[in-house]
Amino acid sequence: MSRAMSRPINRKVIITCAITGSVHTPSMSPHLPITPADIAKQAIDAANAGASILHLHARDPETGFPSPDPDLFMEFLPIIKSATDAVINISTGGGMTMTVKDRIRAASLAAPEMASLNMGTMNFGLFPALGATRDWKHDWEPKFLEDSRDFVFKNTFADIETILADLGDANGTRFEFECYDVGHLYTLAHFVDRRLIKGPLFIQFVLGVLGGIGADPDNLAHLKRTADKLFGDQYQFSVLGAGRHQMPLATMAAAMGGNVRVGLEDNLYLRKGELAPDNASQVRKIREVLAGLSLEIATPDDAREMLALKGADKVAF
Ligand code: KMH
Ligand code: ZN
């Protein structure tokens, strides 16, 4: 086995918790945090449960519609920062109706330690969720899901260059590289070759989004094999399985030497038929799995060291 493929036995596992996102809509779960106060509370609870990175989006407090408004982010970022030591990771993927310019406004202003960076333009189909019968709380919800049939999630080379310059070079923010398919790893390698991105890389393998790679163990093994080939030991990986694939693929990631992402952004359930009462419950669940595998969890400072982050004292909130 090559060195790149063997990970240290005493390694620590980073739990990222993605608190609300922009994929699910309020009618899908009463536990999805919507207001800045809800987002702050669930983020703090998730950190106390063991998440060392908090991946954050904002929503309009009245309607729950995903929002890029930096003022909304600023309503919860300082509260989370003052109550936890967790690494704050602000989304630049935003939500379906946002332009790329809008998507980076909050992270530009807040200069967080981390931000997400989506590594390719793709389809992103949410419309299968229309199949479930629901009483919609808001008119926008079914339309939002239906519109995803014709939505392009735009992340061109130019967009990626802009985000690297505006957030990375200007603010020292480092990235969660969201890779939804094998080709996205080659795009990441292209930027590494151009020295626009430097290690240690934190790659989030995203499996199970309609438009990206399917959520199965063979695909995860292939993503990791490809990343080993392209990046050797210059990267850390984490795994996000959409919906019911969340816990099985996170478990597989941990066993393969990787890190894990949980949270209501990616999956609303705790187990089949049971909605998660909050984000922290999913963090506790994956923690039990990690303990069962004799794996220690990374503290926020461990995560900072593993990912070469600038430190919580260098953010702008
Ligand atoms: N919702 C995830 C599948 C982002 O915020 O940049 C992808 C995501 C994108 O987290
Ligand atoms: Zn996100």
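Here are some questions and answers about this predicted model.

Reader: Let's start with the whole chain: how many helices and strands are there, and what is the radius of gyration of the protein chain?
Author: Happy to begin there. The chain holds 11 helices and 16 strands. For 317 residues the globule rule gives 20 Å, and the value here is close to that, so the chain is as compact as a globular protein of that length. The radius of gyration is 18 Å.

Reader: What share of the contacts with a separation of 6 or more comes from residues 24 or more positions apart?
Author: It helps to look at burial beside it. Of the 317 residues, 58% count as buried. Among contacts with a separation of 6 or more, the share from residues 24 or more positions apart is 75%.

Reader: Turning to ligand 1, how much of its accessible area does the protein cover?
Author: Let's look at the surroundings. The ligand has 14 residues around it, and the closest are His-57, Ser-91, Ser-116, Asn-118 and Glu-265. Oxygen atoms of ligand 1 lie 2.7 Å from a side-chain N or O atom of Glu-265, 3.0 Å from a polar side-chain atom of Arg-261 and 3.3 Å from a side-chain N or O atom of Glu-178. Of the 310 Å² that ligand 1 has on its own, the protein covers 94%.

Reader: How far apart are the end C-alpha atoms of helix 10, and what span should its residues give?
Author: Good one to check by hand. Helix 10 runs over residues 279–292, which is 14 residues. At 1.5 Å a residue they should span 20 Å, and the end C-alpha atoms agree, being apart by 20 Å.

Reader: Which residue caps the N-terminal end of helix 10?
Author: The start of this helix has several buried residues, including Asn-279, Ala-280 and Ser-281. The backbone nitrogen of Ala-280 has a side-chain oxygen 3.5 Å away. That oxygen belongs to the capping residue, Asp-278.

Reader: Just after helix 10, which residue takes a positive phi, and is that residue buried or exposed?
Author: Most residues other than glycine have a negative phi. Ser-294, in the loop between helix 10 and strand 16, has a positive phi near 60°. Its relative accessibility is 67%, so Ser-294 counts as exposed.

Reader: Which peptide bond is cis, with omega near 0°?
Author: Look in the loop between helix 7 (182–193) and strand 11 (201–207), where Pro-200 sits. Arg-195 is in that loop too, with a positive phi of about 60°. The cis bond runs from Gly-199 to Pro-200.

Definitions and conventions
Residues numbered from 1 in each chain as written. Chains lettered and ligands numbered in written order. Predicted model: local features only at pLDDT ≥ 70, side-chain atom pairs only at ≥ 80, totals over all residues. Heavy atoms only, no water. Helix = DSSP H or I, 4+ residues; strand = E, 2+ residues; numbered from the N terminus. Expected span 1.5 Å × (residues − 1). Buried < 20%, exposed > 50% of the residue type's maximum accessible area, 1.4 Å probe, protein only. Polar contact = N/O pair within 3.5 Å; in protein donor to acceptor, adjacent residues only side chain to side chain. Rg over C-alpha atoms; globule rule 2.2 N^0.38 Å. Contact = heavy atoms within 4.5 Å. Near = heavy atom within 4 Å. Areas by Shrake-Rupley, 256 points an atom, 1.4 Å probe, with all protein chains shown as cover.
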